Amino acid sequence: IATIKRIIGRDMLLMDFTPALVEKVVNELYYTRKHSKSHCSAVLSTIKRAFKYAKKAHYINDISEYMDLSLAPRPTTREELDKKQNKFLSHEELSSCLEQLQKMNQRVALAVEFIALTGVRNGELAAFRPQDYHQAERCITVSGSIMQCCKLRDPKARSTPKNVYSYRSVHLSPRAMEIVHWFLLTNKKAAAWDPTYRDLGYIFTSKRGTPICRNLYDYLAKVNVPGKHITPHIFRHTFISFMAEQGAP
């Protein structure tokens, strides 16, 4: 919406915003300014929704020409290719990242490795509970996500996953199961012997018992992998790239 307002100005009337002008605006963004296809598609989709509303409100009768507008893919630029490369790690880069984290915080290193092994989101990882882990079936069930805008000790911090497709069972490799067992055992010891540890019912926790999600950002900011911006989500992309290497669709 902000992009559209910048382009057309505040004084333009709906009836002056013709299909030809819409096409010119979107093409300018996509083909000339080289904005991403997802951004330009979102701009075009927002404009179409505005005209759908206009027709529903009887401000305009025919919107078929607006609905026919679309974006034809353009050749990918060198910068876009580089950006895609920066979204995942190679095997060597992942190893370097995990080695650096292991020296800083073992809990964080293992949590990050688990994301790279399973492809779960950071919030999903933090929301896993012991009852979500099914050892016999060698899987873990995604049924929630931690909202980082809440206090992590607040029961309301655990919410639903990102969308309906996010509810799923994730198969675990032997190494992923080792990591789960390490957290379960370590947390059990901490709950019994460490007075600062509070058991809130989660698997992947900090040394105080809170969901580990915020700790990841603090430590990943200290990791140095040349040319890569390290966030929890890069390990999800890394998992997907490794799966693609093995021929997964």
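Axes here are lines fitted to C-alpha atoms, for helices over the stretch in contact, and angles run from 0 to 180 degrees between N-to-C directions. Keep that in mind as you work through these exercises on a predicted model.

**Exercise 1. Find how α6 and α7 are oriented to each other, and which residues join them.**

Step 1. Start with the geometry: the angle between α6 and α7 is about 155 degrees, and their axes lie 6 Å apart.

Step 2. Compare the angle with the cut-off: angles over 145 degrees count as roughly antiparallel. The two helices α6 and α7 are therefore roughly antiparallel.

Step 3. Now look at who touches whom. From α6 come Leu94, Leu98, Leu101, Gln102 and Met104, and from α7 come Gln106, Val108, Ala109, Val112, Glu113 and Ala116.

Step 4. Sort these residues by class: eight are nonpolar, two are polar and one is charged.

**Exercise 2. Describe the packing of α7 with α10 in the same manner.**

Step 1. For this pair the angle is about 100 degrees, with 10 Å between the axes.

Step 2. Angles from 65 to 115 degrees count as roughly perpendicular. That makes α7 roughly perpendicular to α10.

Step 3. On the α7 side, the contact uses Val108, Ala111, Val112 and Ile115, while α10 brings in Asn215, Leu216, Tyr219 and Leu220.

Step 4. The class count gives seven nonpolar residues, one polar and no charged ones.

**Exercise 3. Work out which side of α10 is buried, and what it packs against.**

Step 1. List the buried residues of α10 (residues 213–220): Cys213, Leu216 and Leu220.

Step 2. Check where they point. They span an arc of only 45 degrees around the axis, so they sit on the same side of α10.

Step 3. Find the partners. The buried residues of α10 pack against the helices α6 (91–104), α7 (106–118), α8 (122–127) and α11 (232–245), and also against the strand β3 (145–146).

**Exercise 4. Describe how α6 meets α11.**

Step 1. The angle of this pair is about 145 degrees, and the axes are 11 Å apart.

Step 2. Look at the handedness: α6 passes α11 in a left-handed crossing.

Step 3. Name the residues in contact: His91, Leu94 and Cys97 belong to α6, and Phe235, Thr238, Phe242 and Glu245 belong to α11.

Step 4. By class, they divide into four nonpolar, two polar and one charged.

**Exercise 5. Compare the surroundings of Lys34 and Arg138.**

Step 1. Place each residue. Lys34 is in the loop between α2 (19–32) and α3 (37–56), and Arg138 is in the loop between β1 (133–134) and β2 (139–142).

Step 2. Read the backbone angle. Phi is near 60 degrees for Lys34, a positive value in a residue other than glycine. For Arg138, also a residue other than glycine, phi is positive too, near 55 degrees.

Step 3. Judge the exposure, knowing that partly exposed residues fall between the 20% and 50% limits of relative accessible area. Lys34, at 40%, is partly exposed. Arg138, at 34%, is partly exposed as well.

**Exercise 6. Locate Thr160 and find what it touches beyond its sequence neighbours.**

Step 1. Thr160 sits in the loop between β4 (158–159) and β5 (168–171).

Step 2. Relate sequence to space: Thr160 and Val142 are 18 residues apart in sequence, and their C-alpha atoms are 9.4 Å apart.

Step 3. Set aside the neighbours within four places in sequence; Thr160 is then in contact with Gly144, Ser145 and Tyr167.

Conventions
Residues are numbered from 1 along each chain as its sequence is written. This is a predicted model: local features need pLDDT of at least 70, side-chain atom pairs count only at pLDDT 80 or more; totals for chains, interfaces and linings use all residues. Side-chain values use heavy atoms; hydrogens and water are left out. Buried means under 20% relative accessible area, exposed over 50%, partly exposed in between (1.4 Å probe, protein chains only). Helices (H or I, at least four residues) and strands (E, at least two) are DSSP runs, numbered from the N terminus. The arc is that of the directions from the helix axis to the C-beta atoms. Contact means heavy atoms within 4.5 Å. A crossing is left-handed if the near helix is turned anticlockwise from the far one by less than a right angle, and right-handed if clockwise. Ala, Val, Leu, Ile, Met, Phe, Trp, Tyr, Cys and Pro count as nonpolar, Asp, Glu, Lys and Arg as charged, and the others, Gly among them, as polar. Angles under 35 degrees count as roughly parallel, over 145 as roughly antiparallel, 65 to 115 as roughly perpendicular and the rest as oblique.
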